[in-house]
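Let's take a walk through this structure together, one feature at a time. Keep the 3D view open as you read.

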Amino acid sequence: MIRRIEKTQLLFVLWLLGVLALTGLVVAFCSITASSLEREALTQQQARTNKIATRLEEKFLVINQIVRTLAVLVAPMRDREDVERLLERTLASTPDDYVYGMGVWFGPHAFSPRERYFGPYARRAAAGCKKPVITYEWTTPSYDFHHQHWYRAGIVARDAVFLEPYFDTDQAYTSAVEAILDDRGEAVGVASVDVLLPQIQEQIRRETSSADEEVYVTTRRTALLAHPAASSILEWARSRGRAPSSLLDVRADDLRAFEAERRPRLDPIVTTAVLPKLGWTAVIATDRRVLFADARCVRWGGAPVIALLWSGALSLHLSSRRARRLKELARDLDHREVVQTILRESERRLRAVLEAALHAVVGMDERGVIIDWNPQAEEMFGWTAKEVLGRRLSEVMLSERYREAHERGLLELKKTGRAPILNRRVETSALRRDGSELPVELIVTQIQGGDGALFYAFIADISERKRIEEERGRLLERIRQRSVELQAVLDSMADGVLACDSSLSITLMNHAAVRLLGIEPAALRSFPDIVERLHVRFTDGRRPALAEMPLMQALSGGELTQGNFVIDVPGGPREIHVHSNAAPIRDSEGRIVAAVVVFHDVTGAIELDHLKDQFLKVTAHELKTPVTIMKSYAQLALRQGETLPPPLRKTLEGINRGADRIDRIMRDLLDVSQVYLGRLQLQLALLDLRELLEQTASQLGVNAAKHHVRLRAERPAMVRGDRYRLEKVILTLLDNAVRYSPEGGDIDVSLSVEGGEAIVAVEDRGIGIPAVGQSRIFERFYRAHSGTDQDYGGLGVGLYISRQLVQQLGGRMWFLSEAGGSRFMFSLPLAEENERGS
Amino acid sequence: MTAWSVLVVDDDDDIRDVLEMALVEQGYLVSQAPNGRAALEVVAQGMPSLILLDMKMPVMNGWEFAAELGRTYPRRAPIVVISAAEDARRRAAEIGAQAWIGKPFELNELLALVKRTLA
């Protein structure tokens, strides 16, 4: 595009230059032509002047000849008559219209020694008469022609010379004089010819061919010889106070003055030609304008040409422009057509969009008049399109309080071209037809229309949304309330509560947590942070992997998980034990989004536990001595044997048995605590379960008279275990079997091997375990029959210890029980083949 | 033949008394010591045939006694450790005792053990 403009401009410039050049050419041509015409005119005039001069001169050439001839012819003459005859003849041969007379004038005594003055003069007898007459009227001493200027001029000049014209009587004359030379070449006299000038003057006057020119001649002494305006000049001179007798009294200066005065505007072109012999100057003065009329014609004729040229060029230019414009127009038109089509198409599409839009769409021009109103707008505001198109938007849609702002906005837009409302979501309220106000949200966008900007507003009814927002606000407030309450509850808890989200960032920490853990919530970002900071470890000192923490397990899908940990509280004096319970927090779809852990300081409880166990240990230990003492004394006494009266014996035996029972109870208690603390120490050895069973069963058989113990063990079973403890396990089972089948009966003990395990079963036909207590049978201190009619005492620790022990040895313990009896079983892994030997 | 002598070292009076009674009944000569130091004094009077040794005693405990005994006497009497502790066997092994018996014990078993050890 830019290049085209440049090209156009370039072309224009070129064209302009061309025209200018042409103009220049024309001007130059005209100028040159005019100049040459002028020059030619000038030259012509000059030529004419020259010709006039020459013609004049020629006329006087004759005179010149005559006077010369006269001078030459008369030079040798000494005879008066000769001279006279010469003069007569000569005069007669000359035209009488302009030769007036001629004379021969000898120097003093030059002609004859006796005559000083000899100057015969021949003239016409009368005007119009050709006959010459000789006169000696000037050969007088009074005249003294030798001292006349004309004589002197002739003598001096030698060659013919024409004297300055003079006016005599009523005519102008000039004389030609030439020196008469003797043989020696000395001037002895002067011949003269007098010429009448009127004719000449007339001739001169006749030369002036038009009013625009003046042909005149000035003499040697710049006197006017002849001038076409002679009479005016003379009149002027007289008015000037001069008294010219003839034109000859007027000089060139006077002429100039005359011209300056009378004809100031004259600007003549003057050509002069000198008549060398006469010393006259022929002048042709032509009005410049006239002389150069042709040139002027040409010069000015150039103007129309130029004008023509320019107009031609201009019209060409214009027409070319026009042509171009036409082309452009045509193109535009074409383009317009296309655009129109496109516009129509997009118009159609816009229509369709507007019709189908979910929002109310209102179009407005920059005057504020509604130009578009889609069906949704009709519905929203209650006006049909027909009713509102052409009306001012502010009147139709805006309530009073918004109108002013709207109008101001429009003005602002016109002024600055900007509107802050554009392309932003605006909440406002609009007016329905019935006058009710409607909360709306709108976006206004500006598009460029054909004649100015158009504005389209996309309006949505937000009354529903507002209502919802309000409600939500209320709900949020309620939630906030509840949240505050919950927070208060949390903060009043003695247990610490900690929650984190799926990215392990801490989302909640109650006061107790802050206190217990000794850290500021702001200081921690994530759960791993806490674990790190507090040096969390298991009770055995091992540092847990993050995934082993209950919170992590809850987060990754576990249900309620718990754990016991030891932590170092920053700023605290010592480590504390915490027991934590963690649970996942699920969203409405059941996905785990967070987890919460509740923990409390169980240090005290742990310590208490320890103390208790310590106490148990110490007590059990301490009791051993008094038990020993009792037993020893009793047994010592019993050693007296038969000498003992039976009651005494019974007493002593009772004391012994009592002491044993104390011992057993203490051992059990101790075991329980040790087992509970995981501190049961086992002496592992390879042993044969069958053999152990046999031994233990027989032992029992001795004590339990009412019961029959039947052992069924097909083959040996080598296991790795603590003999003493395993014995106790078997004894416990047997003891229970006996205890809980008070009627007596068979107790079946069996040993089988399968799947790398040895399985021992002890079955009784007793009262069994009530269903309700079965799940707790292995709990320590739990006695299923406690408080019932079948309460046969006991600590309730036997099964707990037995199971723990068996588990510690790598086996399992389980049971089946119903009202008709119980069957308790445990398994132990068989010792490896290669261990058998050790 | 001279009668065997048994030194009973235990910090509990009653244990010492009842053991003395039982041993005397069996024909042993019995001496008592409430702690290791006292026991050493007795031994200084004359090495007994057997020492029944409790481990946990004040003033000087069983380990110290055994160590001192070993330092002082190249040949000493066999020691039977009487211990209420769980690891009585280990304790006995620690001091190089010949046997051990736990508390509470059966009197018969103790007497049998004494007899066996002396044999």
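How many salt bridges does the count come to over all chains? The total is 59 salt bridges. Please bear in mind that this is a predicted model, so every value here is computed from predicted coordinates. As a general point, side chains of opposite charge can pair when their charged atoms come close.

One of these pairs makes a good starting place. The side chains of A:Asp668 and A:Lys728 form a salt bridge, with N and O 3.0 Å apart. This pair ties together distant parts of the chain, for A:Asp668 sits in helix H18 of chain A and A:Lys728 in helix H20 (residues 723-739) of chain A, 60 residues apart.

Stay with helix H18 of chain A, which spans residues 646-676, and look at its partners. Two packed helices are described by the angle between their axes and the distance between the axes. The axes of H18(A) and helix H22 (residues 798-808) of chain A come within 10 Å and cross at roughly 45°. An angle like that falls outside the ranges for parallel, antiparallel and perpendicular, and therefore H18(A) and H22(A) are oblique to each other. Their crossing is left-handed. On the H18(A) side, the contact is made by A:Asp668, A:Asp671, A:Val672, A:Val675 and A:Tyr676, while H22(A) brings A:Tyr800, A:Ile801 and A:Gln804. Sorted by class, the contact has 5 nonpolar, 1 polar and 2 charged residues. You may recognise A:Asp668 here as the salt-bridge partner of A:Lys728.

H18(A) has a second neighbour to visit, helix H17 (residues 603-638) of chain A. H17(A) and H18(A) pack at an angle of about 160°, and their axes are 8 Å apart. Because angles over 145 degrees count as roughly antiparallel, H17(A) and H18(A) are roughly antiparallel to each other. H17(A) passes H18(A) in a left-handed crossing. By class, 16 nonpolar, 5 polar and 10 charged residues take part in this contact.

Elsewhere in chain A, try helix H5 (residues 230-239) and helix H6 (residues 252-262), whose axes come within 10 Å and cross at roughly 90°. H5(A) and H6(A) are therefore roughly perpendicular to each other. From H5(A), the contact uses A:Ser232, A:Ile233, A:Glu235, A:Trp236 and A:Ser239; from H6(A), it uses A:Asp254, A:Leu255, A:Ala257, A:Phe258, A:Glu261 and A:Arg262. The classes here are 5 nonpolar, 2 polar and 4 charged residues.

Now turn to where the two chains meet. The size of an interface is often given as the accessible area lost when the parts come together. Chain A and chain B bury about 1800 Å² between them, with 57% of it on carbon and sulfur atoms. In this interface, 18 residues of chain A are in contact with 19 residues of chain B. There are 2 salt bridges between chain A and chain B. A:Arg639 forms a salt bridge with B:Glu25, with the closest N and O atoms 3.7 Å apart.

Two backbone details round off the tour. B:Lys103 and B:Pro104 are joined by a cis peptide bond, with omega about -10°. B:Pro104 lies in the loop between strand E5 (99-102) and helix H5 (107-118) of chain B. In chain A, A:His109 has a positive phi of about 55° although it is not a glycine. You will find A:His109 in the loop between strand E1 (99-106) and strand E2 (121-124) of chain A.

Terms used. Residues are numbered from 1 along each chain as its sequence is written. Chains are lettered from A and ligands numbered from 1 in the order in which they are written. This is a predicted model: local features need pLDDT of at least 70, side-chain atom pairs count only at pLDDT 80 or more; totals for chains, interfaces and linings use all residues. Side-chain values use heavy atoms; hydrogens and water are left out. Axes are lines fitted to C-alpha atoms, for helices over the stretch in contact, and angles run from 0 to 180 degrees between N-to-C directions. Helices (H or I, at least four residues) and strands (E, at least two) are DSSP runs, numbered from the N terminus. Angles under 35 degrees count as roughly parallel, over 145 as roughly antiparallel, 65 to 115 as roughly perpendicular and the rest as oblique. A crossing is left-handed if the near helix is turned anticlockwise from the far one by less than a right angle, and right-handed if clockwise. Contact means heavy atoms within 4.5 Å. Ala, Val, Leu, Ile, Met, Phe, Trp, Tyr, Cys and Pro count as nonpolar, Asp, Glu, Lys and Arg as charged, and the others, Gly among them, as polar. Buried area is the accessible area (1.4 Å probe) that two parts lose on being put together, summed over both. A salt bridge is a side-chain nitrogen of Lys or Arg within 4 Å of a carboxyl oxygen of Asp or Glu.
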